[in-house]
Amino acid sequence: MDNLQHIAELLSLGMTFPTVILAGAVVYMWFPSARKAWRKTDKTGQDWFVMGVAIGFIGVVLDNIYWFMPWTAAYLGNPAFQTLTNAGVFFNIFFRQGLGICAAYCHLRAAEEANTRSLRIVNALLISSNLLGFGYAMLLILKST
């Protein structure tokens, strides 16, 4: 199993390069349009979609760059692996979850503009999913005390 783990780590580390480079190219291509859309006061569905693409891929780039470090340390057997992995939760909050939530919201707003769905549904999803997450965290706190 240890060999399989090392192979998977190598594959993941190797795939980080095309992931970051291609996601970076997406950001490079879409960012000017996303910035223009961000500045608009009356956003169209296309504006929301473009912003979601840029935000989502910025998250992909930053998340992959961070996790490249602990997985390189793991492959090399470097003790920094545990410290980097422990710190990873802070990067996940901003890069993976934070930017992921923002990108998803933008895409839902874009879909709303394309369909007849109500903004109340999008807002209800945003609020209820946050309440669910908060409730889960509270449950974990209660279980650990």
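**Three helices, their bends and their packing**

Helix 1 is kinked by about 45° at W30, shortly before the proline P32; the bend at a residue is taken here as the angle between axes fitted to the seven residues ending there and the seven starting there. Helices are DSSP runs of H or I with at least four residues, numbered from the N terminus. The model is a predicted one, in which local features need pLDDT of at least 70 and side-chain atom pairs count only at pLDDT 80 or more, while totals for chains, interfaces and linings use all residues. Residues are numbered from 1 along each chain as its sequence is written, and side-chain values use heavy atoms, with hydrogens and water left out.

Along helix 1, the buried residues are E9, L13, T16, V20, A23, V27, A34 and A37, where buried means under 20% relative accessible area, exposed means over 50%, and partly exposed lies in between (1.4 Å probe, protein chains only). Helix 2 is part of what covers these buried residues of helix 1. V20, a residue of helix 1, offers a good view of this packing: V20 is in contact with V61, N64 and I65, leaving aside residues up to four places away in sequence. Contact here means heavy atoms within 4.5 Å. V20 and N64 are 44 residues apart along the chain, yet their C-alpha atoms are separated by 6.6 Å. Q5, also found in helix 1, counts as partly exposed because its relative accessibility is 38%. The C-alpha atoms of Q5 and S128 are 37 Å apart, with their positions 123 residues apart along the chain.

Helix 2 has 32 residues and reaches 46 Å from its first C-alpha to its last, close to the 46 Å expected at 1.5 Å a residue. The expected span is 1.5 Å times one less than the number of residues. Just after helix 2, G77 adopts a positive phi of about 70°. Within helix 2 lies D63, which has a relative accessible area of 11% and is therefore buried. D63 touches N92, F95 and R96, not counting residues up to four places away in sequence.

Two of those partners, N92 and F95, are among the buried residues of helix 3, together with G88, A103, Y105, C106, R109, A110 and E112. Helix 3 bends by about 50° at N92. Its end C-alpha atoms are 48 Å apart, which agrees with the 51 Å that its 35 residues should span at 1.5 Å a residue. Not every position in helix 3 is buried: A111, which is found there, has a relative accessible area of 32% and so is partly exposed. A111 and W38 are 73 residues apart in sequence and 17 Å apart in space, C-alpha to C-alpha.

Turning to the aromatic residues, the structure holds seven aromatic pairs. Rings of Phe, Tyr and Trp (its six-membered ring) pair if their centres lie within 6.5 Å, and planes under 30 degrees apart count as stacked, over 60 as edge-to-face and the rest as tilted. The ring centres of Y66 and W67 are 5.3 Å apart and the planes stand at 90°, so this pair is edge-to-face. Both Y66 and W67 are buried. The rings of F91 and F95 form a tilted pair, because their centres are 5.6 Å apart and their planes lie at 50°. These two phenylalanines sit in helix 3 (residues 80–114), four residues apart, about one turn of the helix. F91 counts as partly exposed because its relative accessibility is 31%. Ring pairs link Y66, W67, F91 and F95 into a cluster.

The largest nonpolar core has 12 residues in all: A34, A37, W48, V50, M51, A54, I55, A103, Y105, C106, A110 and V122. Such a core is a set of buried Ala, Val, Leu, Ile, Met, Phe, Trp, Tyr and Cys residues joined through side-chain atoms within 4.5 Å. At least two residues of this core come from each of helix 1 (2–39), helix 2 (45–76) and helix 3. Helix 2 makes the greatest contribution to this core, with five residues.

One member of the core, W48, touches K43, Y105, C106, R109, A110 and E113, not counting residues up to four places away in sequence. K43 lies over the face of W48, at 5.9 Å from the ring centre; a charge sits over a ring if NZ of Lys or CZ of Arg is within 6 Å of the ring centre and within 35 degrees of the ring normal.
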